Each structure stands twice: as structure tokens, then as C-alpha cells.
Amino acid sequence: MREEIAFALDFDGWKTVEAADGPTGLELAEDPVVDLVLLDVKLPGMDGLEVLQKLKELRPDLPVVMISGHGDLDTAVLAVRRGAYDFLQKPFATDRAVLSLKNALRSEEHTSEPQSQTYLVCRP
């Protein structure tokens, strides 16, 4: 799924970087070239909701879209309360994910203009 979404975004002219675990994702997200994050709830090394919380402390304006194959309504609500722009339940269509990412970049909460349309995928 990570490769499929990356391919779709690459086709649209986006650049992507990937992390297979939470700590690596946090490290990569420190780079200001990263404009948004697609983040799975289940990650090795650190839970995705914990990564979300740390991302919001590190870069409060960075849009984050959460995904999960195991999430429920409570998880989705918690993710949005912690600052996620959207929550996608797997499986989902790639164009649905791309639309959510584009909307996250255009959201009112995201005040700075994207520098390079780079997104970070945190997914094992």
C-alpha cells in the first residue's frame, strides 16, 4: 500500500520519503522540506498515535493523515483530537488517500505554503 500511494503521488509530481517505524519517521519529519505526513496507527518502535503527538509538538502546523486497518471510531476520534487532519480506514482507494493529502495541504490549519510537495509515509 505504501508503494502504491507513493507511486500515485510521484505520478502527480510529488516527492516522497518513507519510514518503516515511528522513531525514523519523527527524525525525517524534522526536515522542513516535509510538507505532510501519512501515518499508520500500528508502527514498530512507537505507536502511531504517540508519533502523532510528538509530531504536533515538533511541528504543530505539519498536516498529518492517519491510516489504520485496525482502528475503530474511538481511535479515529482520538487521532483527530490530537491534531490529525483526517483518518482513513484500510483498505481505501489510492485516489481517496491522495485527495485527503491534497485537502490537508490546503486546509485552513496549514498556514504555510508547501515548499516542495514532499510527504513522509510512516508505514511498516
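**Salt bridges and the faces of helix H5**

In this predicted model, the side chains of Asp40 and Lys90 come together in a salt bridge, with 2.9 Å from N to O. The two partners belong to distant parts of the chain, 50 residues apart. Asp40 sits in strand S2, which covers residues 34–40, while Lys90 is found in the loop that runs between strand S4 (86–89) and helix H5 (94–106). Both ends of this bridge are hidden from the surface: Asp40 is buried, and Lys90 is buried as well.

The structure holds two salt bridges, and the other one also involves this region. Here the side chains of Asp86 and Arg96 meet, at 3.3 Å from N to O. Asp86 is part of strand S4 and Arg96 is part of helix H5, so this pair ties together parts of the chain that are 10 residues apart in sequence. How exposed are the two partners, Asp86 and Arg96? Asp86 has a relative accessibility of 17%, and because the cut-off for a buried residue is under 20%, Asp86 counts as buried. Arg96, with a relative accessible area of 36%, is partly exposed.

Helix H5, home to Arg96, is worth a walk from end to end. The helix is made of 13 residues and spans 19 Å between its first C-alpha and its last. That is close to the 18 Å expected at 1.5 Å a residue. Which residues of H5 are buried? They are Thr94, Ala97, Val98, Ser100, Leu101, Ala104 and Leu105. Looking down the axis of H5, one finds these buried residues within an arc of 160°, so they line one face of the helix. On the other side of H5, Asp95 and Arg106 are exposed.

Val98 offers a closer look at the buried face. This residue lies in helix H5 and has a relative accessible area of 9%; since buried means under 20%, Val98 is buried. What does Val98 touch, once its neighbours within four places in sequence are left aside? Its contacts are then Ala8, Leu9 and Asp12. Another residue to compare with Val98 in sequence and in space is Ala6: the two are 92 residues apart along the chain, yet their C-alpha atoms are 9.5 Å apart in space.

Taken together, helix H5 carries one partner of a salt bridge, Arg96, whose mate Asp86 lies in strand S4, and it has a buried face within an arc of 160°, with Asp95 and Arg106 exposed on the other side.

Key: Residues numbered from 1 in each chain as written. Predicted model: local features only at pLDDT ≥ 70, side-chain atom pairs only at ≥ 80, totals over all residues. Heavy atoms only, no water. Salt bridge = Lys/Arg side-chain N within 4 Å of Asp/Glu carboxyl O. Helix = DSSP H or I, 4+ residues; strand = E, 2+ residues; numbered from the N terminus. Buried < 20%, exposed > 50% of the residue type's maximum accessible area, 1.4 Å probe, protein only. Expected span 1.5 Å × (residues − 1). Arc of directions from axis to C-beta. Contact = heavy atoms within 4.5 Å.
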